[in-house]
Amino acid sequence: MKHFFPAWLRVPVIFFTVFGLIEYFVDSGDRPAFVKYPIIILVLFVFLFILIAFEMLAKATGNITYHLMTEEEKQAFHEKENQPLHLSEQQWFKNLMQKLTRSEPVENNDLVMLHHNYDGIQELDNRLPPWWLYLFYGGILFGVIYLVRYEMMGGDDQETELRKEMAQAKIDVAKYMLTAPDQMSEAKVTQLTDAADLAKGKTIFTANCAACHRADGGGQIGPNLTDDHWIFGGSIKNLFHTISNGGRDGKGMVAWNATLKPTEIQQVASYILSLQGSNPKDPKAPDGDVWVNPDANKVTTDETKK
């Protein structure tokens, strides 16, 4: 039976049979039983461990019993079980092992026996296996190449390779960001204060906004952007929303989200906030209500409590 149903097939069949029975009999609703009851995973793991242990124990017991048999008993066993000889007893395997090890058979121990012993223990002078020698020589060759390549010729070690790859990664990210979709949004917009960003914002403002708000932001068709009066609020998020979606229906500013990128809207909104208190000549009368930053009031209140 074991000849037609080996352990590598028997173990998974038994395991998945038990697994299927558990799934069938355990009521877990619309979820697998092992998901709803994680203890089942532990039970299955222990069961698999015991199953494998029994198979290994049975295999080890069989091997010990087999090796204790005489040659006649082994032959009778193979004939009775209708099994081929073990791999280690087949002639082609013996020839292969002889080529790989070049060791003398047990019968020739006298030929390689050294003429000394240690407390009755005698030493054999078998030749080293060819595969071991090849690995040894290969290790020496690898060491020489490594020494010349990295110590004498200054090849890149792991730390140098990491630094180069990190530098290349920064270049690749910068290149990707040139054509990547703009990730800026109203929810995470912040006011920019860097001179380069404000200069870009001024360029965008001059090209697109100055016609209605004047180049100095003092207001013309559109409202004055330098005072403390705002129609839709004067925070960076308010400005980002207004520029992106437009002003009042029918008489307000058009939506610029189809013309400007989100990052460009952030830059121009930050530039507009930088115009606060600049007092241009002949400004337009205030529009909207005086806007007070609620975050500033919160900070003041917190400081008062302190």
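Is the crossing of α11 and α12 left-handed or right-handed? The crossing of these two helices is right-handed, a crossing being right-handed if the near helix is turned clockwise from the far one by less than a right angle and left-handed if anticlockwise.

This is a predicted model, in which local features need pLDDT of at least 70 and side-chain atom pairs count only at pLDDT 80 or more, while totals for chains, interfaces and linings use all residues. Residues are numbered from 1 along each chain as its sequence is written, and side-chain values use heavy atoms, with hydrogens and water left out.

**View 1. Helices α11 and α12.** The axes of helix α11 (residues 236-245) and α12, lines fitted to C-alpha atoms over the stretch in contact with angles from 0 to 180 degrees between N-to-C directions, come within 9 Å and cross at roughly 125°. Helices here are DSSP runs (H or I, at least four residues), numbered from the N terminus. Contact (heavy atoms within 4.5 Å) involves residues including L239 and F240 of α11 and I265 and L273 of α12.

**View 2. The rings of F205 and Y271.** Rings of Phe, Tyr and Trp (its six-membered ring) pair if their centres lie within 6.5 Å, with planes under 30 degrees apart counted as stacked, over 60 as edge-to-face and the rest as tilted; by this rule the count comes to eight aromatic pairs. The centres of F15 and F16 are 5.3 Å apart and their planes at 80°, so this pair is edge-to-face, whereas F205 and Y271, with centres 5.6 Å apart and planes at 55°, are tilted. Both F205 and Y271 are buried (under 20% relative accessible area, 1.4 Å probe, protein chains only).

Notes. Buried means under 20% relative accessible area, exposed over 50%, partly exposed in between (1.4 Å probe, protein chains only).
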